[in-house]
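I am opening a page on this structure, to note what I look up about its enclosed space and its strands.

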Amino acid sequence: MKETPVRIPHILSMADLSREDIEFIFQTTDRFREVGGRPIKKVPALRGKTVINLFFENSTRTRTSFEIAGKRLSADVINITKSSSSVSKGESLLDTVKNLEAMAPDVLVVRHPAAGAAQTITRMLKARVINAGDGAHEHPTQALLDLLTIRDHKKTLSGLHVGIVGDIAHSRVARSNILGLQRFGSKVTVIGPKSLIPLGIEAFGVGVSYDFKAVIGDLDIIMMLRIQGERHDRLPFPNLREYSRFFGLNLQLLQKAKSDVVIMHPGPVNRGVEIAPEVADAPYSLILNQVKNGVAVRMALLYLLSGTEE
Amino acid sequence: MNASNKNILLEAIELKALFDRLASEIKEREVLSGPFQLVGIHTRGIPIAQRLAKLMNRDPDQIGTLDINLYRDDLSQASEMPVVKETEIPFSIDGSRVLLVDDVLYTGRTIRAALDALTDLGRPKSIALLVLIDRGERELPIQSDFCGKKVSVQPQENVKVRLQETDGVDRIEVIDRQA
């Protein structure tokens, strides 16, 4: 048992977390998995603390996951979404956050379409802030649960080759995972059509491939991403069927992969586009393990952030 | 070792005698009221419970371990991030007679948290408490059922239980934090 008393004020970017920080978070997460397996899945650790989920973009998994995590810790969890708040009446982010601050929340979980939104908010209030996705920038809690899911199945996070396939240009999940995997010395190759791979991404130390078939046999983990239709004015390829033919994962293509390969997807899944239904539901698919780990990781983060005072 | 701020309360041989006595007290009580299931509180309650199990010819791997961090009443007062350790109970809490084991009984707050942690896992028939050292100065109405030794120390003094398993040596010391 490692006794690393790390101090992490906010969870904004995987770039802020050292390997030791991540290992400490996972060590704490293991304890919360035990709580999730109890008949009564609740502990009083955050009794009297308030967690606000402030979501300016749609979300099912992440918001629910944070809500369940907070409730299992006995925190009071409040959800604010764009459509149900005064944001739709023209209130600015600054005003929304200042008003929330006046209600003295302990942790603010923020999802926003603008990169850096969570970081900006930390300067406006005393509460701890968790970035639950800021534009195409980062989604650190997703990367943490992805790393944990990989560690569960490969027993290590080092020396692996991870392929991330799809809309890399718009993917905060890809960016956060690249930063996290590199911390542990794993290799990342991003795969997709040229129009979805940012120019110069090699500078971040990742491999690039425009040919999924050619590289699939070398991958230990395949992480499929959704085409983020809402962030494109028009599709950057002729049509979804053609995209699916070259970059979708189906049983036929999977035959070229290593026998112990595992498939991941941060969701939401577009079945039949980036992943065939029989692949998404197969035993080597870890999609639901990712969701399960998400609750435990977020419990650990809420607990660790609430456990110390500035 | 600085002799000026450290007093040895019990040496290894005295500690051994104390364990023997506690083990026989437990066995005596069990004759009257049925068997106990041992549950050690992190950190030193665990090796203490394991030693008692061995002295009573039971499997030391069958004791329960309890972490009370999620039940503390002073979470935000800690200056560093709390390290949560493993809670593992290899038997059903429901209906069992639990003997909680810890090293030092002081304010009673750890035991208060342990009672909550334990009852969240099930409904024991009863819970009893064993401590190696009772140093008094309780802040809650909690008493032990089995006690190795009662001592009277000053508020600025720390009673430190050192065990082979966790500290590499068997010894109980009183340390003056101001000296």
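By cavity I mean a set of points, on a 1 Å grid over the protein atoms alone, where a 1.4 Å probe fits but cannot get out; the points are joined across faces, edges and corners, and a volume is the space filled by probe spheres set on them. The model is predicted, so I note that local features need pLDDT of at least 70 and side-chain atom pairs pLDDT 80 or more, while totals for chains, interfaces and linings use all residues. Residues are numbered from 1 along each chain as its sequence is written, chains are lettered from A in the order in which they are written, and side-chain values use heavy atoms, without hydrogens and water.

Cavity. I looked for cavities of 30 Å³ or more and found one; the volume of the largest is about 80 Å³. Its lining (residues with an atom within 4 Å of a point) has 13 residues, of which A:E34, A:R38, B:D67, B:L70 and B:T87 are the closest to the centre. Helix α1 of chain A, residues 19-36, gives the largest share of this lining, three residues (helices are DSSP runs of H or I, at least four residues, and strands runs of E, at least two, numbered from the N terminus).

Sheet. In chain A I followed an open sheet of five strands in the order β7-β6-β5-β8-β9, with parallel pairing, where two strands pair if DSSP finds at least two bridges between them. Its edge strands, each pairing on one side only, are β7 (207-209) and β9 (262-264) of chain A. Between β5 (residues 161-165) and β6 (residues 187-191) of chain A, I noted five bridges in the parallel sense, and A:V162 stands opposite A:V188 of β6(A).

Key: 1 Å grid on protein atoms, 1.4 Å probe; cavity = no way out; pocket = protein on both sides within 12 Å on 5 of 7 lines; lining within 4 Å.
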